[in-house]
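I opened this model with a fresh notebook page and a cup of tea. Here is what I looked up, in the order I went through it.

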Amino acid sequence: MSTSNHLLVIDDLGKSYEARRRGTAEGTASALSGVSFTADPGEFITVIGPSGAGKSTLLRSINRLIEPTEGTITFDGRDITHLGRGKLREVHREIAMIFQNYNLVYRLTAIQNVLHGRLGYKNALAGSLGLYTEEEKLRAFELLDEVGLGEFAYRRADQLSGGQKQRVGIARSLMQEPKIMLCDEPIASLDPKSSRMVMETLQRLTRQRGITCIVNLHQVDFALEYSDRIIGLRAGQKVFEGTPDEATPQVIRSIYEGQMDEVVDVSINAPAAIPTLVGEGMAVSAEAAGGAR
Amino acid sequence: MASATLTKGAADVLERDARGHIRLTSVRERNLSVQLTLIVLVTLTVVTFARMGYGTVDLLAAARQAFADFGAMMLQPALDPPFGAGHFTWGTVIESAVITVAITAICTVLSAIVSFFLALAAAANLSSPVASNIVKGFVAIIRSIPTILWVLVFTVAIGLGSEAAVLGISFHSIAYLVKSYSESFEEIDEGVIEALRASGASFWQVVFQAVTPATITKLLSWTFIRLEINFTNAVAVGAFAGAGGIGFQLYQAGSRYYNLHEVGVIVYVCLIVAFVLEFVSVRLRKRYILADS
Amino acid sequence: MSAAQAAARTSDAAAPDLSWFRRRQARTLAVLVAIVVLFQLCSLICNFSLGYAVSSIPAAFVWMFQNFVPTVESLANLPMVVEQTVSTALDSVAATVIAAVCGIAFSVLGSSSIGVECAPVRGVIRAIASIFRNIPMIAWALLLLLSFKQNEFTGFLALFLTTFGQLMRFFLDTFDEIPTGPVEALRSCGASYWQVVFQAGLPLAVADLMSWMLYMVETNIRSATLIGLLTGTGIGFVFNLYYTSFRYDTAGLVIVVTIVFVLVIEAISNAARRSMI
């Protein structure tokens, strides 16, 4: 298979941890193993699965915030699995990331947080001192405007609501002019209305720019609604890949099936997941299955 | 106009400085207290250096000698000749260290017990506003008097000895712990206390069934921090209280015999005790926090 | 905590028998007995009598109020006392500021959140901070007295060295506790090390760093008193001078002025803290 056609090629990716904790069985604990998939420009892909299935590990392995222990990552025709620190920084500019907890610097203004997206392009001194060009500043303003927060540019990040913070996060990502966006549970801490707003903003802006979007989601209904393609993860392995239409209630159930058994090894890489959200996801899938239970 | 691409709301918000550059923080909403505090502190520092008495010594030569002395102290610690002069034996040094630790322990236990009850009176959510303010005011005054002055006062009022040292250190320690404890009490969820009161619990039942369990980890944490401070203080006042202890030996070695090698040995003993206390306190804190959470 | 332990714990709490409560009571009792025994042992070691100490407190306070009330004659010394207090307070500020300037870079590099990647280097920085903090103040003062002789600068240096150690601990704790999220976010968009420090680390920590500095200014006034006793400067020296020559009225005046100064400085720094949040 030629890799040059795809923006991102994940091949046989795996991550295992040395079992260091007391009371854990000997050997290694595997958080992710043998995951392969590809992503094309402009695609909107969601990754679903029970908490602890390795969704967060997968996403963070793609841009190597977590170092994968097996497999290769090819981004834009370039193998980045073993890139050194300096080269990795260049790659990071083109891979933006959105987080569940927004991860804004809460003491700075919205506009300053958006401009952080430019840091990868700036030299150490100018970036450290926060010296941006007028074009960059105006661009940041425009992006904030685009996510509907132009009037909040001078608000301190901690004065914004959750949904607003996440939209600042999206603007920060777009400021990087990325080719791909990795979103780690972007709406897990939001109410349904803000969630919808964030998902719509995300979909609209990435589609306009042809940016690939890979989103970890707990909410199956959102995944079915927004994605071009869905990847199902269970116990660190890919158990499903297909369009929303192919993701039948049976398939969804099989992804989440027996998740209580799977939770044994979760604590190692569990994102700060909220159990009720998994419950909600379950409720939706059960409902979709016509009250099969 | 470059800002023509912005919506009206955003364009209205955008501020430019005198040179036409886009601002990253709003002039109107700017909080300059950090900068202001820094400027005040730095100005005071400059004033201090301008009016400070530097004595008659050549500062450069003195600095060189101080480094050499520091080397002698830390690199060649010795009690016996050739470096030491035999003023102290290991027996006396260890014994005085044990005495200082004993004084530290007594002060900490005494002040923890007294502070617990005073803090109940000082906590706004457990006590009456009048009592709370009286105790807090009283404690603030006690805290503002340096430990060494307390010790000196008690040495004359009740005579030289361990009692003067213990009382002197404890007064300050109590003032510190009452403040810390009462702040911990005030952070308790109001609902817990209310629920117990509603079910007809008496004041002491509320204290021992709700307040103490809810705050015990914090109280212990503060107590252990104070244990370390009390040791430092016990060493420091040792020279003046007439209670013996390692501080007195240190003062003798440095101020009467002028032997830095002996000072070095005593400093190392102090360091070891301080490290052990720190280690024990960190371990205990971890253990209690784990056991109670 | 392992799942097995957790399960054991919940089943304990749910079980109808009261062994969990009994064990808890037994543990509390054991801790109390241990504290009493420890207290008695320590009292024996340093020849401390709790009864004598407690019973002499009232007498000590009566004595204080009889002798330490500033008299009219002592008020003549007020300008001198105030001047010495001001210089002690200024020394405290200067020692804190210089220690903060020296300490900030070390504590950034040594912190677990935004420190250097090499763990041994962080360990060395933390060890140095710990040594500085735990060398007794008296040792610094005596050491410096030998070379710099008795003057205000010596007192300042001693104060600076102890402040440096303590402030490093507070700063390190502050940087250790900053949220890791924003740091990760900046790294993920390609920010370099110093960009992360200046654009995430410092903004997230600045309020706490300032708060610790103000706290050090307050505590340093007290430490400066002790150092002044040894180096013959500031209020410590003045207090000792009048105290040892039995002129308690002026010594009392020193205490009153110190209380006023510390309370005022505390009030100012509390106001500054509140406005910084």
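The entries below go through the model's confidence, then chain A, chain C and the contacts between chains.

**Entry 1: ground rules**

I noted that this is a predicted model, in which local features need pLDDT of at least 70 and side-chain atom pairs count only at pLDDT 80 or more, while totals for chains, interfaces and linings use all residues. Residues are numbered from 1 along each chain as its sequence is written, and chains are lettered from A and ligands numbered from 1 in the order in which they are written.

**Entry 2: confidence**

I began with the overall scores, which are ipTM 0.85 and pTM 0.85. For the per-residue view I used pLDDT, the predictor's confidence in each residue on a scale from 0 to 100. Chain A has a mean pLDDT of 82, with 83% of its residues at 70 or more. Within chain A, helix α11 (residues 275–288) has the lowest confidence, a mean of 37, and helix α3 (residues 110–115) has the highest, 94. I marked residues 260–293 of chain A, where pLDDT stays under 50. The model still gives that stretch 50 contacts beyond four places in sequence; a contact here is a pair of residues whose C-beta atoms, placed from the backbone, lie within 7 Å.

Chain C has a mean pLDDT of 87, and 94% of its residues reach 70 or more. Among its elements, helix α1 (residues 3–14) of chain C has the lowest mean, 48, and helix α4 (residues 78–110) of chain C the highest, 93. Over residues 6–13 of chain C the pLDDT is below 50, and I found 3 contacts for this stretch beyond near neighbours in sequence.

**Entry 3: chain A**

I counted elements next, taking helices (H or I, at least four residues) and strands (E, at least two) as DSSP runs numbered from the N terminus. Chain A has 11 helices and 10 strands. Of its 293 residues, 51% are buried, a label that requires 20 or more other C-beta atoms within 10 Å of a residue's own C-beta, with these atoms placed from the backbone. Looking at contacts in chain A with a separation of 6 or more, I saw that 75% join residues 24 or more positions apart.

Strand β3 (residues 44–48) of chain A caught my eye, since I could list the burial of every position: 5 of its 5 residues are buried. A:F44, A:T46 and A:I48 point one way, while A:I45 and A:V47 point the other way.

Which strands does β3(A) run parallel to? One is strand β8 (residues 212–217) of chain A, joined to β3(A) by 5 bridges, and another is strand β9 (residues 229–234) of chain A, joined by 4 bridges. Two strands count as paired if DSSP finds at least two bridges between them. A:V47 has A:N216 of β8(A) as its bridge partner, and A:I45 has A:R229 of β9(A).

I also traced an open sheet of 4 strands in chain A, in the order β2-β1-β4-β5 with antiparallel pairing. β2 (28–39) and β5 (78–79) of chain A are at the edges with a single partner strand each, so one side of each has no neighbour in the sheet. Inside this sheet, strand β1 (residues 8–18) and strand β4 (residues 70–75) of chain A pair in the antiparallel sense over 5 bridges, and A:L8 stands opposite A:F75 in β4(A).

**Entry 4: chain C**

Chain C has 11 helices and 0 strands. Its radius of gyration, taken over C-alpha atoms, is 25 Å, well over the 19 Å that the globule rule gives for 277 residues, so chain C is more spread out than a compact globule. That rule is 2.2 Å times the number of residues to the power 0.38. Along the principal axes, its C-alpha atoms fill a box of roughly 75 × 60 × 40 Å. I found 46% of the 277 residues buried.

An automatic or database domain assignment sets the domain bounds, and chain C is divided into domain 1 (3–66) and domain 2 (71–276). The centres of these two domains, taken over C-alpha atoms, are separated by 34 Å.

**Entry 5: between chains**

The contact of chain B with chain C takes 62 residues from chain B and 58 residues from chain C. On the chain B side, helix α2 (residues 33–51) of chain B gives the largest share, 10 residues. I sorted that side into 47 nonpolar, 13 polar and 2 charged residues, where Ala, Val, Leu, Ile, Met, Phe, Trp, Tyr, Cys and Pro count as nonpolar, Asp, Glu, Lys and Arg as charged, and the others, Gly among them, as polar.

For chain B with chain A, I found 15 residues of chain B in contact with 15 residues of chain A. The chain B side here divides into 7 nonpolar, 7 polar and 1 charged.

Key. A residue is buried if 20 or more other C-beta atoms lie within 10 Å of its own, exposed if 12 or fewer, and partly exposed in between; C-beta atoms are placed from the backbone. Two residues are in contact if their C-beta atoms, placed from the backbone, lie within 7 Å.
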